[in-house]
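Dear colleague,

I am handing over the structure below, which you have not worked with before. Please have it open while you read the notes that follow it.

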Amino acid sequence: MDATFWHQKWQSSQIGFHLPEINPLLTRYWQQVCQSSRAPVFVPLCGKSVDMSYLASLGHNVIGCELSQLAVEQFFQEQQLPFHMAEMTTGLRCYQAESISLYQGDMFILDSDKTAMCSLFYDRAALIAWPEQMRQRYVRKLMEMVPAGARGLLITLDYPQDSLQGPPFAVSDAWLQQHLCDGFEITQLSCDDVLAANPRFVKRQVPWLTESAYLLVRR
Ligand SMILES: C[S@@+](CC[C@H](N)C(=O)[O-])C[C@H]1O[C@@H](n2cnc3c(N)ncnc32)[C@H](O)[C@@H]1O
C-alpha cells in the first residue's frame, strides 16, 4: 500500500471505508476508554472521518494525520469548519480549525512532539489499512507518537485473508497479542459477526468476518 494507491482511491472517490455516520463502537466504548478525561486525541490515518467531529463535540482537541490533501479539505468543507493552513518544514501541512488540527502528509515523517500531549488515541481502519509486512512499522510509529499511559480505542476486522485481497487487511487477536503486547496492554471489548452488514465480503463469499474493539493502554 504505497501513497499512490491511496491518492488514487481519493481521486476516484473509491472510499468505501468512509462512514457517513459516527462509528457505533466509538459511541459505545469511548467513555470507557477516556474515563472522563478531555485530553487531546490522536487519530492516525484519519481520512475525513466524522468521528473526529464527534470527539471534538465531547470537548477533546483532535489531532489527525492523513496523507491525502483531498480527504483533509473535504473534511473541513463537509463539516463546515473554516480552516487555516500552515506549511511545515518537515514536508507536512497543518490544517487547523477550532479544536481540530489535521497534519496532511505521511504519518511516518510526523514528529512525535506534535502528538506528545495526546494521552488518548483512536484507530479505526488505520492498523487494518496496512498489509502484514508494513503493519509492524505502523505499530512502532504509533508507539512513538503516544506517551506512556495513553489510552486508545482500536477497531479491527478479521477474516480468512486468502478469501479477499485487502485493504482492509485481516488482523487476528493472536496477531495483536504477539505484536502489540510489548507496547500496549490489550483488552478486547467486543467481537461481533459483521459479515451480513458487509456486502463486498458476502459477494466474494468470504466465509466469516468479525469486527473487534480493543482498549489499548501504552506501557
Ligand atoms: C482505510 S482509510 C481509513 C480512514 C479513516 N480512519 C476512517 O475510518 O474513515 C486509511 C487512510 O489512511 C490514509 N493513509 C495511508 N497511508 C498513510 C500515511 N503513510 N500517512 C497518513 N495517512 C495515510 C489513506 O489516505 C486513507 O485515507
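**What was found**

Pro168 lies in the loop that runs between strand 7 and helix 6, and please keep in mind throughout that this is a predicted model. The peptide bond joining Pro167 and Pro168 is cis, with omega at about 0°, and the bond from Gly166 to Pro167 is cis as well, with omega near -5°. Pro167 is found in the loop between strand 7 (151-158) and helix 6. As general background, most peptide bonds are trans.

Helix 6 (residues 173-180) also meets helix 5 (residues 132-145), their axes coming within 11 Å and crossing at roughly 45°. An angle between 35 and 65 degrees counts as oblique, and helix 5 and helix 6 are therefore oblique to each other, with a crossing that is right-handed.

Turning to the ligand, 14 residues surround it, and Leu45, Glu66, Asp106, Met107 and Arg124 come nearest. The shell around the ligand is made up of nine nonpolar, two polar and three charged residues. Leu45, which is found in the loop between strand 1 (41-44) and helix 3 (51-57), has a positive phi of about 50° although it is not a glycine. A backbone N or O atom of Leu45 lies 2.8 Å from a nitrogen atom of the ligand, while an N or O atom in the side chain of Glu66 is 2.6 Å from an oxygen atom of the ligand. For Asp106, an N or O atom in the side chain is 2.9 Å from a nitrogen atom of the ligand. On its own the ligand has 600 Å² of accessible area, of which the protein covers 95%.

With best wishes

Notes. Residues are numbered from 1 along each chain as its sequence is written. This is a predicted model: local features need pLDDT of at least 70, side-chain atom pairs count only at pLDDT 80 or more; totals for chains, interfaces and linings use all residues. Side-chain values use heavy atoms; hydrogens and water are left out. A residue is near a molecule or strand if one of its heavy atoms lies within 4 Å of it. A polar contact is a pair of N or O atoms within 3.5 Å; within protein, one must be able to donate a hydrogen and the other to accept it, and residues adjacent in sequence count only if both atoms are side-chain atoms. Accessible areas come from the Shrake-Rupley method with a 1.4 Å probe; for residues, only the protein chains shown count as cover. Ala, Val, Leu, Ile, Met, Phe, Trp, Tyr, Cys and Pro count as nonpolar, Asp, Glu, Lys and Arg as charged, and the others, Gly among them, as polar. Axes are lines fitted to C-alpha atoms, for helices over the stretch in contact, and angles run from 0 to 180 degrees between N-to-C directions. Helices (H or I, at least four residues) and strands (E, at least two) are DSSP runs, numbered from the N terminus. Angles under 35 degrees count as roughly parallel, over 145 as roughly antiparallel, 65 to 115 as roughly perpendicular and the rest as oblique. A crossing is left-handed if the near helix is turned anticlockwise from the far one by less than a right angle, and right-handed if clockwise.
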